[in-house]
Each structure stands twice: as structure tokens, then as C-alpha cells.
Amino acid sequence: MTPKEGRSFRSSPIYDWMTEDVFLYFYKKNIMYSQVYNHQLWSGIELRVATPLHSEARRTFNKLRYLDPDFYERICEVFPDMYHADRYNAELVRKISFDEYEHSPKGLYKYIDDNYKGQQRDLAYSRIKTVIKRRFRKKIENPKDLFGSYPYLYLFEVLSAGRIKRAILPCTNITQKHFEFEGYTEKDYLNYTNARIESQNLKFS
């Protein structure tokens with residue numbers, strides 16, 4: 001905080017790091033971390049860094065049963081309601097397909113029209129409009145960044161989970177399914193992955 005202006009400033013020294021940047025840093029520096037993150041990373045599950053008791057984290061709590069059974073049981077032993085919440089959520093889970101919508105901004109807006117109403121609809125429109133602009137701006141700045149950190153599949157998943165209360169954060173774990181969703185090939189994905197690895201090797205060399 002500056003005494004003269006009386007304002008505070010937020011500093012994010014690694015704001016532009018992707019998930020693989022963090023794990024590569026761990027590897028380079030030989031830093032130990034929970035192996036649950038390995039399971040999440042390679043299975044394409046969105047990484048969680050907050051408590052599993054958080055309202056949003058509860059939606060994927062059931063996956064912890066397979067990723068780390070011992071940890072899952074310990075949590076349920078201390079918080080029995082988590083077991084019941086897990087069973088309840090499992091009954092509500094259904095396979096969501098976005099194939100009926102265009103894999104484009106138009107499809108995202110159509111999804112909002114079909115699934116949101118009133119103020120929530122307006123908020124969803126605002127959130128998506130913001131990240132779509134950001135996506136195109138990033139692609140102009142760096143043509144190799146095919147998604148501008150906001151793959152359309154990721155945005156559909158954000159909308160389907162109702163995660164619009166806060167600003168939509170960039171996707172930190174871009175996988176092959178994101179490429180396939182937008183019509184890219186496996187070769188495109190491999191080229192992207194290799195480019196990321198080369199970039200990180202230069203960053204930490």
C-alpha cells in the first residue's frame with residue numbers, strides 16, 4: 001500500500017504460468033507434492049487447490065474415492081455428511097453432451113439461452129463475452145496459442161457447472177479433448193505439447 005495514495009496493489013509473479021509450468025518447476029527443483037495432483041493432471045480433471053469441503057469442490061469429491069481412497073475415507077470419517085453428499089451428487093450426475101451446439105461463441109450463447117434465465121443469463125452472457133474477447137486478442141498476439149487459454153469445451157463445462165459467480169479463469173490444463181472438440185488433429189495437439197515443453201525448458205534453463 002502506498003502511503004500517499006492509500007491504495008493497495010495486487011502482485012501475481014506467476015500469473016501467466018500454466019499447470020505444466022508449475023509441475024515442471026517442481027520437477028526441476030525436486031519439490032515434493034501430493035500425488036493426488038498427478039492423478040488429476042493426467043486424467044484431465046480440473047485441479048483443485050482448495051479444501052474438498054468447498055461448495056464447488058464437492059461436485060468432484062467423488063473422484064477422490066478413486067484417486068486417493070485412503071484420503072477419501074479419512075475425510076468421510078471426520079465429516080460424515082461428505083459421504084452422503086457424494087452419494088447425492090452421484091445420483092444427479094449425468095453425461096452432458098454439447099454436440100447439439102455449435103463449437104463456437106454462437107453455440108455458447110445458445111447454450112446460455114437454453115439453460116439460464118433472468119439475471120443469471122445476463123451474467124453468463126457477460127462472462128462469456130469477456131473471455132471470448134480475451135481469447136481472440138491472445139490469438140492475435142500469439143497465433144500459436146490456438147485457444148487463447150479459453151478452449152470452447154472448457155467454456156461449455158464452466159457454463160454447465162454454473163461457475164459464473166466469479167470471473168472465468170483461464171484453462172490451466174489443456175488436453176487432447178479440447179483440440180478434438182474444435183476440429184484439430186492429434187498431430188496439432190502433439191505439436192502444441194512439444195512447443196510448451198520447449199518453452200518451459202528455455203524458461204528454466
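A salt bridge is a side-chain nitrogen of Lys or Arg within 4 Å of a carboxyl oxygen of Asp or Glu. In this predicted model, the side chains of Lys-177 and Glu-157 meet in such a bridge, with 3.7 Å from N to O. Lys-177 sits in helix α9 (residues 176-181) and Glu-157 in helix α8 (residues 152-160), so the pair links distant parts of the chain, 20 residues apart. Both partners are partly exposed: Lys-177 has a relative accessible area of 35%, and Glu-157 has one of 25%.

## Overall build

The protein contains ten helices and zero strands. Its pattern along the sequence is therefore written α-α-α-α-α-α-α-α-α-α. Of the 205 residues in the protein, 30% are buried. The accessible surface comes to about 14,200 Å², and carbon and sulfur atoms account for 54% of that surface. Contacts can also be sorted by how far apart the two residues are in sequence. Among contacts between residues at least 6 apart, 51% join residues at least 24 apart.

## Salt bridges

Side chains of opposite charge can pair when their charged atoms come close. A search of the whole structure finds six salt bridges. The table gives three of them, including the pair described above.

| Pair | Closest N to O distance |
|---|---|
| Lys-106 and Glu-102 | 3.8 Å |
| Arg-121 and Asp-122 | 3.7 Å |
| Lys-177 and Glu-157 | 3.7 Å |

How exposed are the partners in the other two pairs? Lys-106 is exposed, with a relative accessible area of 58%, while Glu-102 is partly exposed at 43%. In the second pair, Asp-122 is partly exposed at 46%, and Arg-121 is partly exposed at 29%.

## Nonpolar cores

In soluble globular proteins, nonpolar side chains tend to be buried together. The largest nonpolar core here has 29 residues. Within this core, the residues with the most contacts are Leu-108, Ile-128, Leu-155, Leu-159 and Ile-168. Helices α6 (105-115), α7 (118-141), α8, α9 and α10 (186-204) each supply at least two residues of the core. The largest share comes from α8, with seven residues.

Leu-155 shows how residues from separate places in the sequence come together. Leaving out residues up to four places away in sequence, Leu-155 touches Leu-108, Ile-128, Val-131, Ile-132, Tyr-150 and Ile-168. A second, separate core has seven residues, among them Val-36, Phe-61, Leu-64 and Ile-75.

## Aromatic rings

The whole structure holds 15 aromatic pairs. In one of these pairs, the ring centres of Phe-147 and Tyr-184 are 5.8 Å apart and the ring planes are at 85°. The pair is edge-to-face because planes over 60 degrees apart fall in that class. Phe-147 lies in the loop between α7 and α8, and Tyr-184 lies in the loop between α9 and α10, so the pair ties together parts that are 37 residues apart in sequence. The two residues also have their own accessibility values: Phe-147 is buried at 1%, whereas Tyr-184 is partly exposed at 26%. Elsewhere in the list of ring pairs, Phe-98, Tyr-101, Tyr-111, Phe-156 and Phe-181 are linked into a cluster.

## Cysteines

How many disulfides does the search count? The count comes to zero. Cys-76 is buried, with a relative accessibility of 10%, and Cys-171 is buried at 4%.

## Backbone angles

Most residues other than glycine have a negative phi. Asn-30 has a positive phi of about 55° although it is not a glycine. Asn-30 lies in the loop between α1 (19-29) and α2 (36-43). Is Asn-30 buried or exposed? Asn-30 is exposed, because its relative accessible area is 63% and the cut-off for exposed is over 50%.

Ser-149 also has a positive phi, near 70°, in a residue other than glycine. Ser-149 is placed in the loop between α7 and α8. With a relative accessible area of 8%, Ser-149 falls under the 20% cut-off and therefore counts as buried.

How values were computed: Residues numbered from 1 in each chain as written. Predicted model: local features only at pLDDT ≥ 70, side-chain atom pairs only at ≥ 80, totals over all residues. Heavy atoms only, no water. Buried < 20%, exposed > 50% of the residue type's maximum accessible area, 1.4 Å probe, protein only. Helix = DSSP H or I, 4+ residues; strand = E, 2+ residues; numbered from the N terminus. Contact = heavy atoms within 4.5 Å. Areas by Shrake-Rupley, 256 points an atom, 1.4 Å probe, with all protein chains shown as cover. Disulfide = S-S within 2.5 Å. Core = buried A, V, L, I, M, F, W, Y, C linked by side-chain atoms within 4.5 Å. Phe/Tyr/Trp six-rings, centres within 6.5 Å; stacked < 30°, edge-to-face > 60°.
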